[in-house]
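Subject: Structure for you to look at

Hello,

Here is the structure I said I would pass on. Please open it first, then read the notes below beside it.

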Amino acid sequence: MQILKHLLIYSVILTTASTAKALSAVDAVNLAEQNDPTFKSSQANQDAMSARSDIAMSNLLPQLKASTRKSQNNRDYTTLSETPTTTEQRYTGDVREITLTQPIWQHEHLIGLKQADFVLEQAGYQFKHAKQD
């Protein structure tokens, strides 16, 4: 009876062990990173700071603006004279323009870019720290 009990236990262990999948170290780390809220928060913070750095850089680039306007004018007038005459004037106006501006020196934008780069570097260190935890 004791032998039958041991055989039953061993068979259950062997069948469950054969269906279980071994987890490699890389898979374990990836799984832990996917489920760690601190790691996800640090990663999102780094992504946000990277976007902030890109925005700060865009302030130093040329700015391009395009606009268009269309107008239509209708004018009817009558001259009061011995023989009144009515004159109609109809005309349209189209204006299209493209403006390119490049500031030569904007100190506040340079400072903003440096600050954004420092914050991005700090976020990178925080992300590395979170990855090591």
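In which helix is the place of Gln115? Gln115 sits in helix α4, which covers residues 107–132. Keep in mind that this is a predicted model.

Gln115 counts as partly exposed, because its relative accessible area is 44%, and partly exposed means in between the limits of 20% and 50%. Arg52 is 63 residues away from Gln115 along the chain, yet the C-alpha atoms of the two are separated by 9.8 Å.

Now the overall layout. The protein has 4 helices and 2 strands. Following the sequence, their order is α-α-α-β-β-α. Buried residues account for 9% of the 133 residues. The exposed surface of the protein comes to about 11400 Å², and 59% of that is supplied by carbon and sulfur atoms. Among contacts with a separation of 6 or more, 67% are between residues 24 or more positions apart.

Next, two serines in helix α3. This helix runs over residues 37–58 and holds Ser42; Ser53 lies in helix α3 as well.

Is Ser42 buried or exposed? Ser42 is buried, because its relative accessible area is 10% and the limit for buried is under 20%. Setting aside neighbours within four places in sequence, Ser42 touches Gln126, Phe127 and Ala130.

Ser53 is also buried, because its relative accessible area is 8%. With neighbours within four places in sequence again left out, the contacts of Ser53 are Leu113, Ala116, Asp117 and Leu120.

The two strands come next. Strand β1 takes in residues 63–79, and strand β2 takes in residues 85–101. They run antiparallel and are joined by 17 bridges. One place to check this is Thr78, whose bridge partner in β2 is Thr86. The link between β1 and β2 is a hairpin of 5 residues.

How many of the 17 residues of strand β1 are buried? The number is 0, so strand β1 lies largely in the open.

Last, the salt bridges. Side chains of opposite charge can pair when their charged atoms come close. How many salt bridges does a search of the whole structure find? The search finds 2.

One salt bridge is between Arg90 and Asp76, with the closest N and O atoms 3.1 Å apart. This pair links distant parts of the chain, since Arg90 is in strand β2 and Asp76 is in strand β1, 14 residues apart.

Another salt bridge brings together the side chains of Glu88 and Arg90, at 3.8 Å from N to O. That distance passes because a salt bridge needs the nitrogen within 4 Å of the carboxyl oxygen. Asp76, Glu88 and Arg90 are thus linked in a network of salt bridges.

As for how open these side chains are, Arg90 is partly exposed, because its relative accessibility is 48%. Glu88 is exposed, because its relative accessible area is 56% and exposed means over 50%.

If you want an order for looking, start with Ser42 and its contacts Gln126, Phe127 and Ala130. Then go to Ser53 and find Leu113, Ala116, Asp117 and Leu120. Finish at Arg90, which forms salt bridges with Asp76 and with Glu88.

Regards

Note on methods: Residues are numbered from 1 along each chain as its sequence is written. This is a predicted model: local features need pLDDT of at least 70, side-chain atom pairs count only at pLDDT 80 or more; totals for chains, interfaces and linings use all residues. Side-chain values use heavy atoms; hydrogens and water are left out. Buried means under 20% relative accessible area, exposed over 50%, partly exposed in between (1.4 Å probe, protein chains only). Contact means heavy atoms within 4.5 Å. Accessible areas come from the Shrake-Rupley method with a 1.4 Å probe; for residues, only the protein chains shown count as cover. Two strands pair if DSSP finds at least two bridges between them.
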